[in-house]
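Reader: I am new to this structure and would like a close look at a single part. Please take me through it step by step.

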Amino acid sequence: MNPRPRRLAWLVALPLSFAIASAPPARAQEARFGDSTWVAPYPIATESGDPTTDGPRVSRRDREPVGETILRTPFRAVFYPVRLLARGVERVADKVLPQFKGPPIRLGFYTEVAKLTPTIAYSSDTGIEPGFEIQRRSFREDVPNIRIAGGWSTKGQRDAMARVHSGLDTTMWGVGAEARYKIVPNFRFYGIGNDAPEGAHSIYRDERGDISVFMRVGPDPLHRARFLAGYSSISSAGGSHGSPALQDVFDPTTVPFFGHDSKVFYFGAGGDFALVNHWREPAYGVHLRGDVRHFESSDRTNVKYLELRGDVRGYLPVFATRRILALRLLYDGVNPDGGSAPIPFYRLPASYGEYRFLAYHSNQFRDQVLGIAHVEYRWVITRGLQAVAIAQLGEVAPNAKSLRIADIHESYGIGLRFPLKKGTVVRGIAAQGSEGPQFLLIAGSDF
Amino acid sequence: MRPARVLPIALAATLALAPATSRAADALAQPVDSSTWVDHDGRPVAQPKLHETNLVGHQFREAILEPWSHAFDVPDKILWLLGPLGASRKHPAINVNRYDEVPNSEWFTNRNHVRSVPPDEIRLGPKGDLVPKPPFTVSKPKTEGSTPGFQVKDADGKKWLFKGDPVGFPQLASGADAISLRLTWAAGYNLPHNVPVRVRREDLKIDKDLEEGKEGKPFHDVDLDQLLTRGHRYEDGSSSMYASLFLEGAPVGPISARDRRRDDPNDLYSHRNRREWRGLYVLMSWLDSWDTKDQQYLDMFLAPEKGQPGHVKHHVLDVGASLGAEAEGGKEPHRGYEYTLDWAWMARRLFSLGFAVEPWRRAHQETGIPSVGNFAYDVYEPDKFHTLQPQAAFRERTKADGYWGAKLVCSFSDAQIRAAVDAAHYDDPRATEYITKALIERRNKVGRYWFGEVTPVDFFSVADGELRFHDLAVDRGLAPDRHYRVEVRPDRGARRTLDLDRTRLALSSLDPAWKSVRLEFRAGGSDARPTRVDLERRGESWAIALVRHGE
């Protein structure tokens, strides 16, 4: 070997070996927590032991400190019913509701052909109304859907309906027929016109039957035309299950057709046209809906009129689809033909259902024309549940030209909105108007 | 009866009943040893009754009744106000030994954090290389739920439950289950043995009794075909599923996260006060395993023969709804961030008119990888993790429990995590890469958070005249080498402070006249709660009497 490279090698090796020898022990040589060689300095790391053999426990049973028990006992006593409820629900639910394993809740009798379910409704006017529903949903274009329902309330309200229709939401065509019957012994009446204070409340007996056939054409619920024809019979008389009677508050001669029947044929058309992002719960877009119907008496009463209904809905997201500004304009007007007898009071547009003035009683206002402007801000507070803040303006008048801003009834409200899976929306609303607050729990279709 | 009369009676009844129930619980009359490494809770007892809790009833209780009754828990608020006087709302975990560790039991076995589990063992899972062997005989179909499932017997006669992945998400649920299960098992919990499988239709046949409808509706090939269409199928017709081996023993019902099982004399401790259950929160947070209701845990009774005494073994049954997965597809974005009914967030959204922005909206959870789903690590906050609904044991966790859970999580090396992810056998290499990276990042966040709350010095031992310990943050690579300040509180004499520049303390620095001394360790540059070590004089040397973290 050449002596020069050998010397060079020594020059490098000597300091290197000195440096290695004098360096502190490297941490890397120790087993580090989390390394592949890690073994904790505990006996359990090498000998796992057997919990099934004789041996000690690591602690006695845990006990609450006595002082804390003394502090908590009075409150435990007070809240014991809640705890009992919690435990009861957890333990007993399987036994009480054998089918109640989880959503969906299934009550009633289910067969492959149809289901029969009990129903129950309540309002202070009608009392408790137990009923039933038989439903057959086909999910097939060529097999009709059938629904039959009925109920009888503790305050004498009775209703029944039957509906058969074929065609699905996704099919172009659909036809069907429907029959309804309802008797309300204490239907509310507040007079005709925009000045109908809550104090003018009276009742009458309202009995109505309706049978119709319908057809729809369109590819989906948002682009659809409807045609229908039917026959309707309504009668009114003195009421029961409440007071005061209509005839004790109003002069019956000022209430057209009180105490008389009205039988009419009708036919009409309507449709939906919408440009929205979602057909059930839109966050943005516009939805137009309209109906026109011609009514003509089939008896000697000579009632002839045209009814127009318009519904404009607009949706605007407020920077995100979980916050929506929703606007709705509703119009319902009847226009008697020349020479027609006065339109029966029970066939006039009235503030109920979708047309209700929120801070006022259902059916409180009725006249030939009804208009509502409704704006609400909706925002999601948890999955499937929205809060709503509502402002609503509503008015009725003898004709459209008589609608005046000064006569508007204002309703302001807040509440919760809970859309269900099948298109039904449950709303709980507290609304304030000039006559005080109203608390509403509404389940049905919504905008 | 007037409330004024009810309250004293209730008080007296409570006090009178307390000793009676404790006597019944201590029926096995075992000695107590705080230094034990084995909590002998598997002594032979009679088989407890099978009890099942109604799922909806349970959720009603946990999501609605309990949070509201907790909100109006006046004594809790009083104890909180008395905090500066030493009162505490939360009690320390009951089943920890003097080293602040959980002894082995029928609930938990110390595994990876005391001895590194080889990556190959993690990859294989609890029962090693056991896999279901075709052909499979379908004995019971699963009719509920949106994905297919059925019980089978394999060629060796072993019973498995097969569950499918959602359509369009191959290996999503099966992959998440394989990974989370292996990591939870390696951390020390009891779980079933699950393996992802690709099931060919020709390997499935229907049990004769099932086909003939001897125990219900007849089930034919066409029904099985129909069932399989509800899950993801590959182009060759095979189904993406996972197989879960039936647990040994007889099921005796789900496990309450709140109370002990009163018909099991071995079950001494309220479950909400068990360290391994409180600490499980941290593990579940790491894995984003949000579906942790009582029904996801199962007690099995093990006896030599039916009718004979045996013992109850406690299992974590299902961790499939984890990482980015959910039974129906990718995890819904709010899962892991909010309870199903999160009253606090509901109030915030209500009063902000919907303008409150939740953390899950800022998290980039959508990976775009079908077999991963929605799984994030960038805005992950370990202590903000929320399960499906509030859980008593998780709510009762203290910082010491959180630290212990973080110790389990941080015990996993990158190689071990990679091995667990390998067990999913992802066809899509992006999935393997993403989940491995996400789990490593989340593990580090878990470590940084909890080791910042509690001084992470641990595994104390006395050897060669030194008290030795490990700084888990340093060992894990989450903190640089650092110094430690130790407050020395002897049983006699004045307190003093020692500064250490390495993880050893020379015992010669302690006065031999002391009989005992308390050491409080703090890491330099950290304001984490101290870790306490009590030493006792034993002859010429010292012995560890007690270790407590962050209390």
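Which residue forms a salt bridge with E466(B), and how far apart are the closest N and O atoms? Please start there and work outward.

Author: First, a caution: this is a predicted model. The partner of E466(B) is R502(B), and the closest N and O atoms of this salt bridge are 3.3 Å apart. The two residues sit in distant parts of the chain, 36 residues apart. E466(B) belongs to strand β13 of chain B. R502(B) lies in the loop between β15 (496–500) and β16 of chain B.

Now look at how open each end is. E466(B) has 13% relative accessibility, under the 20% cut-off, so E466(B) counts as buried. R502(B) stands at 44%, between 20% and 50%, so R502(B) counts as partly exposed.

Next, the strand itself. β13(B) covers residues 466–471. Five of its six residues are buried, so the strand is largely enclosed by the rest of the structure.

β13(B) has a pairing with strand β16 (residues 504–506) of chain B. The two are antiparallel, with three bridges. Here E466(B) turns up again: its bridge partner in β16(B) is A506(B). E466(B) thus has a salt bridge to R502(B) and a strand partner in A506(B).

β13(B) also pairs with β12(B). This pairing is antiparallel too, and five bridges join the strands. V457(B) stands opposite D471(B) of β13(B). The two strands form a hairpin with two residues between them. In that hairpin, D464(B) takes a positive phi near 50°.

From β12(B), the path leads to the other chain. Chain B has 96 residues in contact with 69 residues of chain A. The chains bury about 7,300 Å² between them, and 58% of that is on carbon and sulfur atoms. Three residues, H40(B), N54(B) and D475(B), supply 8% of the area that chain B buries against chain A, more than any other three.

Polar links cross this interface as well. There are 30 residue pairs in polar contact between chain B and chain A, both residues being at pLDDT 80 or more. Several elements of chain B give two or more residues to the side that touches chain A, among them β12 (457–463) and α15 (472–476). By class, that side of chain B has 37 nonpolar, 35 polar and 24 charged residues.

Five salt bridges span the interface. One of them joins R72(A) to D73(B), with N and O 3.2 Å apart.

Back to salt bridges in general. The whole structure has 81 over all chains. One within chain A joins D446(A) and R417(A), 2.8 Å from N to O. D446(A) is in the segment after β17 (436–444), and R417(A) is in strand β15 (residues 409–419) of chain A, so the pair ties together parts 29 residues apart in sequence. D446(A) is buried at 19% relative accessible area. R417(A) is buried too, at 0%.

Another, in chain B, is between E381(B) and K384(B), at 3.3 Å from N to O. E381(B) is partly exposed, with 38% relative accessibility.

To return to the starting point: the salt bridge of E466(B) and R502(B) links β13(B) to the loop between β15 and β16 of chain B.

Definitions and conventions
Residues are numbered from 1 along each chain as its sequence is written. Chains are lettered from A and ligands numbered from 1 in the order in which they are written. This is a predicted model: local features need pLDDT of at least 70, side-chain atom pairs count only at pLDDT 80 or more; totals for chains, interfaces and linings use all residues. Side-chain values use heavy atoms; hydrogens and water are left out. Contact means heavy atoms within 4.5 Å. Buried area is the accessible area (1.4 Å probe) that two parts lose on being put together, summed over both. A salt bridge is a side-chain nitrogen of Lys or Arg within 4 Å of a carboxyl oxygen of Asp or Glu. A polar contact is a pair of N or O atoms within 3.5 Å; within protein, one must be able to donate a hydrogen and the other to accept it, and residues adjacent in sequence count only if both atoms are side-chain atoms. Helices (H or I, at least four residues) and strands (E, at least two) are DSSP runs, numbered from the N terminus. Ala, Val, Leu, Ile, Met, Phe, Trp, Tyr, Cys and Pro count as nonpolar, Asp, Glu, Lys and Arg as charged, and the others, Gly among them, as polar. Buried means under 20% relative accessible area, exposed over 50%, partly exposed in between (1.4 Å probe, protein chains only). Two strands pair if DSSP finds at least two bridges between them.
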